Amino acid sequence: MLNKQLTLVLAVALTLFLSSCSSVGGGKQVSVGGKNFTEQYLLSEMTAFLLKEEGFKVKEMNNLGSTVVRKALENEQVDLMWEYTGTALITYMGKEPITDPEETFQKVKAIDAKNGILWMNMSEVNNTYALAMTKEKSEELGIKSISDLASYVNDNPGKLTMASDAEFANRPDGLPGVEKKYGFGFGAENIKQMDIGLTQRALDNNQVDVSVAFETDATIRDYGLVTLEDDKHFFPPYRAAVSINEEAYEKYPEIKEITARLADKLNSDIMRELNYKVDIEGNSVSVVAHDWLVENGLLED
């Protein structure tokens, strides 16, 4: 009888112990992936803050190359990440660019559903290519759009120079495509090829008249540059949206509403300003992300 009672006590104790261990290691757990540049660090950090606020234990997997983090998402090593619609459509899926943002979003959403990856909460952050000029040169020449630029180049051949990295200077969705779409050409001798990190500096130093840029680049803010309106909508949209494993979403469907709070507030201008605070002012990603979320009522101080 004593042995039976002792066995029962031990069984109960073991059950309680295992339950305790389970509760310590359990709860809601997700991994958030990110690429290796400032904007991605900020997006994943802000997402982690919001998820933690809702009781999630978050593992951040940042500083990964684009194809590496994509593979991690496909292999379920990463549960969710902020990805760009244009990157997914053109680079991962090998499809032709689509100029309409919503159409692009729906296309990648439909294709990736077959891969077990769901897309949601497309933001107004558009990390696409742009052509930039100094404010002074833009105003002096009356160039506000790429159509204005095309008209000026056609009327004044050989007058303007362009800073570009080798990739943008040669890819069909880069400068050759822009020139074809808008009906003009700088001429090979007027295109100065350099590292992408130097193009806006060359523009600021008046070494060139036009530069390739990215819409959310902090240097646009730092140098006071203007981006020319893509009035014929040539550049494909690279909208930041959440992509998540189907399994993770089925387990935690509330992630859609949580990340929507962030997607609804962000746009390219805000993202450029946040990038500026990190890249130019030297603030930490964590501080910039936290302060912005608090200021916009998304996080308790």
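This note goes through salt bridges, polar contacts, backbone angles and surface charge in a predicted model.

1. Salt bridges overall. The model holds 12 salt bridges. Side chains of opposite charge can pair when their charged atoms come close. Three of the pairs are taken up below, among them Lys-35 with Glu-83 and Arg-221 with Glu-273.

2. Lys-35 and Glu-83. These two residues form a salt bridge in which the closest N and O atoms are 2.6 Å apart. Lys-35 belongs to strand E1 (residues 28–35) and Glu-83 to strand E3 (residues 80–84), so the bridge ties together parts that are 48 residues apart in sequence. Both Lys-35 and Glu-83 are buried. A calculation that assigns charges will meet both partners of this pair in buried positions.

3. Asp-112 and Arg-70. A salt bridge joins Asp-112 to Arg-70, with 2.7 Å between the closest N and O atoms. The two sit in distant parts of the chain, Asp-112 in helix H5 and Arg-70 in helix H3 (residues 66–74), with their positions 42 residues apart in sequence. Asp-112 has a relative accessible area of 0% and therefore counts as buried. Arg-70 is also buried, because its relative accessible area is 5%.

4. The network around that pair. Which residues are linked with Arg-70 and Asp-112 in a network of salt bridges? Lys-71 and Glu-74 are, so the network consists of Arg-70, Lys-71, Glu-74 and Asp-112. The pair of Asp-112 and Arg-70 is best read together with this network.

5. Arg-221 and Glu-273. The side chains of these residues meet in a salt bridge at 2.9 Å, N to O. Arg-221 is in helix H11 (residues 218–223) and Glu-273 in helix H14 (residues 268–279); the pair links distant parts of the chain, 52 residues apart. Are these residues buried, partly exposed or exposed? Arg-221 counts as partly exposed because its relative accessibility is 36%. Glu-273 is partly exposed as well, with a relative accessible area of 26%.

6. Asn-121. This residue is found in the loop between strand E4 (117–120) and strand E5 (129–134). Although Asn-121 is in a loop, a relative accessibility of 16% makes it buried, since the cut-off for buried is under 20%. What does its side chain contact? One polar atom of the Asn-121 side chain lies 2.8 Å from the backbone oxygen of Lys-256. The Asn-121 side chain also makes a polar contact with the side chain of Thr-259, again at 2.8 Å.

7. Positive phi angles. Asn-63 is not a glycine, yet its phi is positive, at about 60°. Asn-63 is found in strand E2 (residues 56–64). His-233, another residue other than glycine, has a positive phi near 55°. His-233 is in the loop between strand E9 (225–227) and strand E10 (240–245). Its relative accessible area is 53%, so His-233 is exposed.

8. Negative surface patch. Which residues form the negative surface patch? They are Glu-53, Asp-291, Glu-295, Glu-300 and Asp-301. Of these, Glu-295 lies in helix H15 (residues 285–295). Glu-295 counts as exposed because its relative accessibility is 65%.

9. Val-30 and Ala-130. Val-30 lies in strand E1, which also holds Lys-35. Val-30 has a relative accessible area of 4% and is therefore buried. The C-alpha atoms of Val-30 and Glu-60 are 8.7 Å apart, while the two residues are 30 residues apart along the chain. Ala-130 lies in strand E5 and, with a relative accessible area of 2%, is buried. Between Ala-130 and Pro-101, which are 29 residues apart in sequence, the C-alpha to C-alpha distance is 16 Å.

10. Gly-94. This glycine is in the loop between helix H4 (85–92) and helix H5 (101–113); helix H5 is also where Asp-112 sits. Gly-94 counts as exposed because its relative accessibility is 59%. Gly-94 and Asp-231 are 137 residues apart in sequence, and their C-alpha atoms are 26 Å apart in space.

Notes: Residues are numbered from 1 along each chain as its sequence is written. This is a predicted model: local features need pLDDT of at least 70, side-chain atom pairs count only at pLDDT 80 or more; totals for chains, interfaces and linings use all residues. Side-chain values use heavy atoms; hydrogens and water are left out. Patches are made of residues with over 30% relative accessible area and no salt bridge: like charges are joined within 9 Å, nonpolar side chains (Val, Leu, Ile, Met, Phe, Trp, Tyr) within 5 Å. Accessible areas come from the Shrake-Rupley method with a 1.4 Å probe; for residues, only the protein chains shown count as cover. A salt bridge is a side-chain nitrogen of Lys or Arg within 4 Å of a carboxyl oxygen of Asp or Glu. Lys and Arg count as positive and Asp and Glu as negative; His and the chain ends are not counted. The place of a charge is taken as NZ of Lys, CZ of Arg, CG of Asp or CD of Glu. Helices (H or I, at least four residues) and strands (E, at least two) are DSSP runs, numbered from the N terminus. Buried means under 20% relative accessible area, exposed over 50%, partly exposed in between (1.4 Å probe, protein chains only). A polar contact is a pair of N or O atoms within 3.5 Å; within protein, one must be able to donate a hydrogen and the other to accept it, and residues adjacent in sequence count only if both atoms are side-chain atoms.
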